[in-house]
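Work through the exercises below with the model open beside you. Try each task before you read its solution.

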Amino acid sequence: AAQLRNGDDVVMTVMEHHANLVPWQQYAKEFGFALKFIPITADYQLDMDAAARMITPATKVVAVTMASNVLGTVVPVAALAKLAHAVGATVVVDAAQAAGHLQIDVRKIDCDFLAFSGHKMLGPTGTGVLYGKKAMLEKMEPMQFGGDMIREVRFEDSTWNEVPWKFEAGTPNIGGVIGLGAAADYVRLAGIDRIAAHELALASRAIAKLSAIPGVRVIGPGASEERTGVVSFEVDGIHPHDVATILDAEGVCVRGGHHCAMPLLKTLGLINGTARASFGIYSTDADVNALAAGIEKARKIFRLP
């Protein structure tokens, strides 16, 4: 970010999680570059025609999510990387919503950097992974300073160790990373394609059942589209937080609100946000039935027709 200046721009999508959006906002204020946001289509897909127009020689970074944590939309990051590299831009992928749910091949994507958090793929909190092309990492200056990231220290100056040690100052979260490794092994043994197929099947079933309930609208791609296992929905006449509270009393855990993607929800006109069910490898058909039954009970409590 420190290399960007006034006249440069960073291209993102309207679907970004706050964790990817807010840091770029702050850097934009500090260094004077502009942020641009690729819109989505009426069927909740990324507008690739708009992307082709918005990624220009002024674009220095394309920083995008791999999958929307609200909509379940899978972003064509490889196609975006091709557009970005054609104008010399760096590609940064936020894979926090995809890791452990979708196949990730950094070579096929051809991204320059990719990051994800451990707790989103069954690992411990406070852990994560940053991938970077070796040539890019070698050019970068370290972000933290301390033990083990140095090659030689003099009173006047220091030189840095090789990648990856250059970025690993101090004693790391050894126990957490061992736990993250165990989570990665679990996902690998379960089979990422099997996980993705299971979550998609449950999401598709949930979309069908929820869409059949009067006053319920699913917010996101249809069951026939490529998507992840998150299903956002609104119940006409009931605030998402009330939906979540009633479902909680029924033993069904959903999240209500803006899901750390407030600009997206406001863009869609969903000022109060949505309720969102998230399916994983551990979810079952019984969970889908309980979700639908809980929504029906919420409608009865609010005496909706």
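**Exercise 1. Classify the exposure of glutamate 234, then find its salt-bridge partner.**

Start with accessibility. Glutamate 234 has a relative accessibility of 25%, so it counts as partly exposed; the class lies between buried (under 20% relative accessible area) and exposed (over 50%), with a 1.4 Å probe and protein chains only. The model is predicted: local features need pLDDT of at least 70, side-chain atom pairs count only at pLDDT 80 or more, and totals for chains, interfaces and linings use all residues. Residues are numbered from 1 along each chain as its sequence is written, and side-chain values use heavy atoms, without hydrogens and water.

Next, the partner. Arginine 217 forms a salt bridge with glutamate 234, and their closest N and O atoms are 2.9 Å apart. A salt bridge here is a side-chain nitrogen of Lys or Arg within 4 Å of a carboxyl oxygen of Asp or Glu. Now place the two residues. Arginine 217 sits in strand S9 (residues 216–219) and glutamate 234 in strand S10 (residues 230–235), 17 residues apart. Helices (H or I, at least four residues) and strands (E, at least two) are DSSP runs, numbered from the N terminus. Arginine 217 is partly exposed too, at 37%.

**Exercise 2. Compare the salt bridges of lysine 36 and arginine 188.**

Take lysine 36. It pairs with aspartate 9, with closest N and O atoms 3.6 Å apart. The pair links distant parts of the chain: lysine 36 is in strand S2 (residues 34–38) and aspartate 9 in strand S1 (residues 9–13), 27 residues apart. Lysine 36 is partly exposed at 23%. Aspartate 9 is buried at 6%.

Now arginine 188. This residue pairs with aspartate 185, again with closest N and O atoms 3.6 Å apart. Both lie in helix H6 (residues 174–190), three residues apart, so about one helical turn separates them. Arginine 188 is exposed at 57%. Aspartate 185 is partly exposed at 39%.

Finish with the tally. The model has nine salt bridges. Asp110, Asp112 and Lys133 are linked in a network of them.

**Exercise 3. Describe the largest pocket by volume, lining and class.**

First, the volume. The largest pocket has about 2,100 Å³. A pocket is an open set of points on a 1 Å grid over the protein atoms alone, with protein on both sides within 12 Å along at least five of seven lines; lining residues have an atom within 4 Å of a point. Grid points are joined across faces, edges and corners, and the volume is the space filled by probe spheres set on them.

Second, the lining. It has 50 residues, and the closest to the pocket centre are Phe113, Leu130, Leu137, Met140 and Met143. Elements that give two or more residues include helix H1 (18–31), strand S5 (113–117) and helix H5 (134–139).

Third, the classes. The lining has 29 nonpolar, 14 polar and seven charged residues.

**Exercise 4. Find the contacts of leucine 114 within the largest nonpolar core.**

Begin with the core. It has 48 residues, and Leu114 is among those with the most contacts inside it. Such a core is a set of buried Ala, Val, Leu, Ile, Met, Phe, Trp, Tyr and Cys residues joined through side-chain atoms within 4.5 Å.

Then list partners. Beyond neighbours within four places in sequence, leucine 114 is in contact (heavy atoms within 4.5 Å) with residues including Val93, Ile104, Val129 and Tyr131. A second, separate core has 26 residues, including Phe233 and Val252.

Note on methods
On a 1 Å grid over the protein atoms alone, a cavity is a set of points where a 1.4 Å probe fits but cannot get out, and a pocket is an open set with protein on both sides within 12 Å along at least five of seven lines; lining residues have an atom within 4 Å of a point. Ala, Val, Leu, Ile, Met, Phe, Trp, Tyr, Cys and Pro count as nonpolar, Asp, Glu, Lys and Arg as charged, and the others, Gly among them, as polar.
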